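Subject: Handing over a structure, with notes

Dear colleague,

I am passing on the structure shown below, and after it you will find my notes on what I found. Please keep the model open beside the text while you read.

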Amino acid sequence: VALAGIDDEDLQVRRGAASALMKIAVPEAADMLLAKAGGSNDVGLKATILRAVARRELAMKVGITGFAPFLKDPSVDVRKEAIVGIAMSGSKQASNVLIRMLDDPSAEVRKEVVWNAMCRRDGKVAMAAVERLLIEPSTVVKEKTLKAVGPLSLRGARDKVIALALKKDEA
């Protein structure tokens with residue numbers, strides 16, 4: 001029933017159907033849902049579908065390629081949900097894709113990348129975020145980056161933060 005609701009003419013029915021799908025895991029429907037999201041102009045529907053498919057078992061099925069097209073979406077919310085899906089995909093290439101998203105123009109998107117690096121204990125993404133600290137304009141993203149590095153216990157990351165701080169003092 002929820003899958004049929006995705007095609008309904010009424011906006012609220014479509015969003016309700018997508019929300020219902022978040023509560024159940026339907027691996028067979030994951031690719032179809034992403035196709036529906038890709039063909040929709042409804043930002044809320046796209047974000048909700050991506051959130052539903054970002055559940056671990058579905059994200060692993062669709063992989064990075066299922067979420068990658070949404071990284072260029074004009075909506076910050078859609079890009080953030082795509083980042084979660086990529087992080088949950090379990091792909092070895094996820095770190096490289098997330099590192100590229102550290103250059104997104106939106107601080108909200110960059111913050112989501114750092115948050116997912118911390119949750120996944122992804123040292124590669126955390127180190128890339130640390131390297132961008134001096135040029136990062138958002139204080140919130142800087143704070144998230146430093147919080148992400150702490151729990152990872154990365155000696156190299158801590159050393160990088162100190163080196164960046166010293167470099168800034170020299171300037």
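**Notes on Ile99 and the rest of the chain**

Ile99 has its place in helix α7, and at 17% relative accessibility Ile99 counts as buried, because the limit for that word is under 20%. Before going further, please bear in mind that this is a predicted model. Not counting residues up to four places away in sequence, Ile99 touches Lys124, Val125, Ala128 and Arg132. Although Ile99 and Ala129 are 30 residues apart along the chain, their C-alpha atoms are separated by 7.6 Å.

That leads on to helix α9, where Gly123, Val125, Ala126, Ala128, Ala129 and Val130 are buried. The N-terminal end of α9 is capped by Asp122, which places a side-chain oxygen 3.0 Å from the backbone nitrogen of Lys124.

**The chain as a whole**

The protein chain has eleven helices and zero strands, and 46% of its 171 residues count as buried. If one takes the contacts between residues at least 6 apart in sequence, 66% of them join residues at least 24 apart.

**The nonpolar core**

In soluble globular proteins, nonpolar side chains tend to be buried together. Here the largest nonpolar core has 38 residues, and those with the most contacts inside it are Ile49, Val53, Phe67 and Ile86. At least two residues of this core come from each of α2 (11-22), α3 (30-38), α4 (43-53), α5 (56-67), α6 (76-88), α7 (94-100), α8 (107-120) and α9 (123-131).

Phe67 is a useful residue to select in the viewer. Once its neighbours within four places in sequence are left aside, Phe67 is in contact with Leu50, Val53, Ala54, Ala59, Val62, Ala82, Gly85 and Ile86. The C-alpha atom of Phe67 is also separated by 7.9 Å from that of Leu34, a residue 33 places away along the chain. Leu34 itself lies in helix α3 and is buried, with a relative accessible area of 7%. Residues up to four places away in sequence not being counted, Leu34 touches Ile49, Leu50, Val53, Val62, Gly66 and Phe70.

**Two buried residues in loops**

Leu71 is found in the loop between α5 and α6, and with a relative accessible area of 11% Leu71 is buried. Leaving aside its neighbours within four places in sequence, Leu71 is in contact with Arg79, Ala82, Ile83, Ile86, Val97 and Met101. For one of these partners, Val97, the C-alpha atoms of the pair are separated by 9.5 Å, with the two residues 26 apart along the chain.

Ser89 belongs to the loop between α6 and α7 and is buried, its relative accessible area being 5%. With neighbours within four places in sequence again left aside, the residues in contact with Ser89 are Arg56, Ala59, Met60, Gly63, Ile64 and Ala94.

**Where α4 meets α6**

How do the axes of α4 and α6 lie, and what is the angle between them? The two helices pack at an angle of about 10°, with their axes 9 Å apart, and that angle makes α4 roughly parallel to α6, because angles under 35 degrees count as such. The residues of this contact divide into five nonpolar, no polar and four charged. On the α4 side they are Val43, Lys46, Ala47, Leu50 and Arg51, which meet Asp77, Val78, Glu81 and Ala82 in α6.

Within that contact, is Glu81 buried or exposed? At 14% relative accessibility, Glu81, which has its place in helix α6, counts as buried. The side chain of Glu81 makes a polar contact with the side chain of Arg51, at 3.0 Å. Apart from neighbours within four places in sequence, Glu81 is in contact with Ala47, Leu50 and Arg51.

If you have time for two places in the viewer, I would suggest Phe67, one of the residues with the most contacts inside the largest nonpolar core, and then the polar contact between the side chains of Glu81 and Arg51.

With best wishes

Note on methods:
Residues numbered from 1 in each chain as written. Predicted model: local features only at pLDDT ≥ 70, side-chain atom pairs only at ≥ 80, totals over all residues. Heavy atoms only, no water. Core = buried A, V, L, I, M, F, W, Y, C linked by side-chain atoms within 4.5 Å. Buried < 20%, exposed > 50% of the residue type's maximum accessible area, 1.4 Å probe, protein only. Helix = DSSP H or I, 4+ residues; strand = E, 2+ residues; numbered from the N terminus. Contact = heavy atoms within 4.5 Å. Polar contact = N/O pair within 3.5 Å; in protein donor to acceptor, adjacent residues only side chain to side chain. Axes fitted to C-alpha atoms, helices over the stretch in contact; angles between N-to-C directions. Parallel < 35°, antiparallel > 145°, perpendicular 65-115°, else oblique. Nonpolar A, V, L, I, M, F, W, Y, C, P; charged D, E, K, R; others polar.
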